[in-house]
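Trainee: I've got a fold open on my screen and I'd like to learn how to read it. Can you walk me through it, feature by feature?

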Amino acid sequence: MMLRLSALLPACLLAVGLDAAAASAPPRQKVNPPPNAELQYTIKARQKGLSLEGEAVARWEASSGRFTASSQARAALLGKILDTRSEGTIGPNGLVPASFEEKRLRRPAQTTVFDQGARTVRFGENGATLPLKGGEQDRNTVLWQLISTARATPAKAKAGSQWTFTVAGRRDLDPWTFKAVGQEKIATGAGEMATLHVVRMPEPGSKDQQLDIWLAPGLEWYPVRLRYSEDDGDFIEQTLQQVKR
């Protein structure tokens with residue numbers, strides 16, 4: 001519960017406190033979330049030296065200031081290899097996640113909780129908590145926050161542009177920087193698409209994934225291809241086949 005500081009502090013001290021809070025708050029940014037959609041993909045992957053094919057579905061739903069973002073991926077022979085779901089609200093700066101659930105192949109499900117009231121994030125893998133400063137995303141919502149930012153300022157979404165978000169992993173908060181590397185045409189099941197190729201490079205020395213995203217400005221900036229690459233050569237690549245709205 002927040003106290004009414006105006007009833008406890010002189011006006012001059014209250015003003016100083018507000019100025020300090022404003023200085024530490026994340027900068028405001030324009031966002032324009034995309035329309036609701038179900039995106040269907042085909043998958044090609046290499047995991048532990050094994051070539052795999054399959055399908056994936058990503059769903060985005062936003063209404064009355066709230067959102068849900070989920071994804072499921074299935075591979076032949078293995079079945080479901082990934083199942084994620086994020087829920088939260090949409091504020092002036094974009095997505096404000098409340099929870100992130102993730103279930104990977106042969107791993108127990110994990111839930112990351114963003115307690116906006118207590119200003120903390122709790123990690124399901126080890127139970128640790130860290131403070132929230134505002135603007136943090138999970139590994140699901142960061143894609144939709146990127147899309148919402150690009151849709152709001154399309155003139156800035158060009159080769160050389162960069163966007164940095166703080167993202168909750170399985171155990172910690174890390175900066176994710178996305179860089180637009182150029183425009184490319186991508187063949188998809190829905191036809192050839194003009195795209196902006198965006199890359200998220202892991203920090204030096206990190207064994208985290210590299211993430212390549214091809215966003216289609218002519219299709220609400222939805223991702224028409226995604227590629228998750230590991231440092232050992234394993235990868236998962238998704239290519240759009242159909243959009244349902």
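Mentor: Sure. Let's start with one residue: at 29% relative accessibility, Glu-87 counts as partly exposed, because buried means under 20% relative accessible area, exposed over 50%, and partly exposed in between (1.4 Å probe, protein chains only). Before going on, keep in mind that this is a predicted model, where local features need pLDDT of at least 70, side-chain atom pairs count only at pLDDT 80 or more, and totals for chains, interfaces and linings use all residues. Residues are numbered from 1 along each chain as its sequence is written, and side-chain values use heavy atoms, with hydrogens and water left out.

Trainee: Where does Glu-87 sit, and which residues is Glu-87 in contact with, leaving aside its neighbours within four places in sequence?

Mentor: Glu-87 is in strand S4, residues 79-91. Helices (H or I, at least four residues) and strands (E, at least two) are DSSP runs, numbered from the N terminus. Contact means heavy atoms within 4.5 Å. Leaving aside neighbours within four places in sequence, Glu-87 touches Phe-67, Thr-68, Pro-97, Ala-98 and Ser-99. Take Thr-68: it is 19 residues from Glu-87 in sequence, yet their C-alpha atoms are 4.6 Å apart.

Trainee: What about Ser-99, is it buried or exposed?

Mentor: Ser-99 counts as buried, because its relative accessibility is 16%. This residue lies in strand S5. Beyond its neighbours within four places in sequence, Ser-99 has contacts with Arg-85, Ser-86, Glu-87, Thr-112, Phe-114 and Asp-138.

Trainee: How do I read strand pairing, and which way do S4 and S5 run?

Mentor: The general idea: two strands pair if DSSP finds at least two bridges between them. S4 and S5 (residues 94-104) pair in the antiparallel sense over ten bridges, and a hairpin joins them through two residues. For a landmark, Asp-83 stands opposite Lys-103 in S5.

Trainee: How many bridges join S3 to S4?

Mentor: Ten bridges, and S3 (residues 66-75) runs antiparallel to S4. Ser-70 stands opposite Arg-85 in S4. These two strands form a hairpin with three residues between them, and Leu-77 in the turn has a positive phi of about 80°. One general point while you look at strands: in a regular strand the side chains alternate between the two faces of the sheet.

Trainee: Which strands does S1 pair with?

Mentor: S1 (residues 37-47) pairs with S2 (residues 50-63) in the antiparallel sense over eleven bridges. Ile-43 has Gly-54 in S2 as its bridge partner. Two residues lie between the strands of that hairpin, where Lys-48 takes a positive phi near 55°. S1 is also joined to S15 (residues 235-244) by nine bridges, again antiparallel, and Lys-44 is partnered there by Glu-237.

Trainee: Let's try a helix. Why does the end-to-end distance of H2 agree with what it should span?

Mentor: The expected span of a helix is 1.5 Å times one less than its number of residues. H2 (residues 141-152) has twelve residues and should therefore span 16 Å, and its end C-alpha atoms are 16 Å apart. Eleven of its twelve residues are buried, so H2 is largely enclosed by the rest of the structure. Among those buried residues are Trp-144, Gln-145 and Arg-151.

Trainee: And aromatic pairs, how many are there?

Mentor: Rings of Phe, Tyr and Trp (its six-membered ring) pair if their centres lie within 6.5 Å; planes under 30 degrees apart count as stacked, over 60 as edge-to-face and the rest as tilted. A search of the whole structure finds four pairs. One of them, Trp-60 with Phe-67, is stacked, at 5.8 Å centre to centre and 20° between the planes. Both residues are buried, and with Trp-144 they form one aromatic cluster.

Trainee: Which arginines lie over a ring face?

Mentor: A charge sits over a ring if NZ of Lys or CZ of Arg is within 6 Å of the ring centre and within 35 degrees of the ring normal. Arg-225 lies over the face of Trp-214, at 5.9 Å from the ring centre. Arg-227 lies over Phe-235, at 4.0 Å.

Trainee: Finally, what does the secondary structure of the chain come to?

Mentor: Two helices and 15 strands. Of the 245 residues, 38% count as buried.
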